[in-house]
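Here are my notes on this entry, set out as numbered points. Please read them alongside the coordinates.

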Number of protein chains: 2
Amino acid sequence: MVAHEQALKSLGEGGIPIGAAVVHLPSGKVLARGHNQRVQMNSNIRHGETDALENMGRVSEGVLRECAMFTTLSPCYMCSGTCVLYKIPLLVMAENDNFIGGEDLLAAKGVEIVNLRDPEITKMMRDWIASDVGQRVWNEDIGEMS
Amino acid sequence: MVAHEQALKSLGEGGIPIGAAVVHLPSGKVLARGHNQRVQMNSNIRHGETDALENMGRVSEGVLRECAMFTTLSPCYMCSGTCVLYKIPLLVMAENDNFIGGEDLLAAKGVEIVNLRDPEITKMMRDWIASDVGQRVWNEDIGEMS
């Protein structure tokens, strides 16, 4: 899974291990890949999903309406809102055991949600949150107090 | 108004004239300024609000809970979701005559909304949407088809 590879890439960079990919549904092509860049880019807005969209550059109107957003973790409200803005019809997450973001917003706006409940990715994220780096930066990423 | 200055700055760069500022409520200090960078940075995610947050760099947990987001236009779902993520308690917009974004989400999550109904900014945005550049890029910015 491309999003998983992106999460592992971020982990290898000392970052938050969340990855994402934008997949064009009619062709099955991966149009963009991204990973959380909070640590690497000192960023408040580069989550996996938004980083993937930023890596795409501007696309023709309508392309994102034919895409799925794949992500390793339930998308926060920023990323959920971004899917709603661009009318992305399908959100596939690897898991939501470690965090639940804006799933209520996605559902209310008609975005289909698929949860793969992937045990390997769930364990990776759980272990990272419990790690030294995770304890320092995870709450910052989800807007919570440490 | 700092957000208005930022909108005019973007307009002067050939960009979408939407600006924003993050203001620390206890001190009244402007902590960050930003403007829409779709055209300038070939960006899908740098709206006025998200650009301001990105320009801040990472901030201590809790700072954004004491801030207001000022913006020249009703925030889209991406930007509304970002305010919800970081628990920004107050959103001040100059107008929502030209676009209504995620105000329902903000209200549902307890974010206070103030609409200044500024006639000068409303006219600036309306004139820009009707301009040659506006007709080319405005729908792209709000996720609509041209």
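1. Start with the pairing of E1(B) and E2(B). Strand E1 of chain B spans residues 19-24 and is joined to E2(B) by six bridges. The two strands run antiparallel. Within this pair, Ala20(B) stands opposite Gly34(B) of E2(B). Keep in mind that this is a predicted model.

2. The connection between these strands deserves a look. E1(B) and E2(B) form a hairpin with four residues between the strands. Gly28(B) takes a positive phi there, near 75°.

3. Next, the whole sheet. It is open, has five strands and follows the order E2-E1-E3-E4-E5 in chain B. The pairing is mixed. Strand E2 (29-35) and strand E5 (112-115) of chain B are the edge strands, each pairing on one side only. Direction ignored, neighbouring strands of this sheet are turned by 20° against each other on average.

4. Which helices pack on the sheet, and at what angle to E2(B)? Helix H1 of chain B, residues 2-12, touches E1, E2 and strand E3 (67-71) of chain B. The direction of H1 makes about 25° with that of E2(B). Helix H3 of chain B, residues 48-56, also packs on the sheet, touching E1, E2 and E3 of chain B. For H3, the angle with the direction of E2(B) is about 125°.

5. In chain A, look at Asp51(A). This residue lies in helix H3 (residues 48-56) of chain A. Is Asp51(A) buried or exposed? Its relative accessibility is 1%, so Asp51(A) counts as buried, the cut-off being under 20%.

6. What surrounds Asp51(A)? Leaving aside residues up to four places away in sequence, Asp51(A) touches Arg33(A), Gly34(A), His35(A), Gln37(A) and Arg46(A). With Arg46(A) there is a polar contact of 2.6 Å between the side chains. Asn36(A) is 15 residues from Asp51(A) along the chain, and their C-alpha atoms are separated by 6.8 Å.

7. Finally, the two chains. How is chain B superposed on chain A? A rotation of 180° does it, with 0.0 Å of shift along the axis and an RMSD of 0.0 Å. The two copies are therefore related as by a two-fold rotation axis. Of the interface residues of chain B, 100% are also interface residues in chain A, so the copies meet through the same surface.

Notes:
Residues numbered from 1 in each chain as written. Chains lettered and ligands numbered in written order. Predicted model: local features only at pLDDT ≥ 70, side-chain atom pairs only at ≥ 80, totals over all residues. Heavy atoms only, no water. Pairing = 2+ DSSP bridges. Axes fitted to C-alpha atoms, helices over the stretch in contact; angles between N-to-C directions. Contact = heavy atoms within 4.5 Å. Least-squares fit on C-alpha atoms with pLDDT ≥ 70 in both. Buried < 20%, exposed > 50% of the residue type's maximum accessible area, 1.4 Å probe, protein only. Polar contact = N/O pair within 3.5 Å; in protein donor to acceptor, adjacent residues only side chain to side chain.
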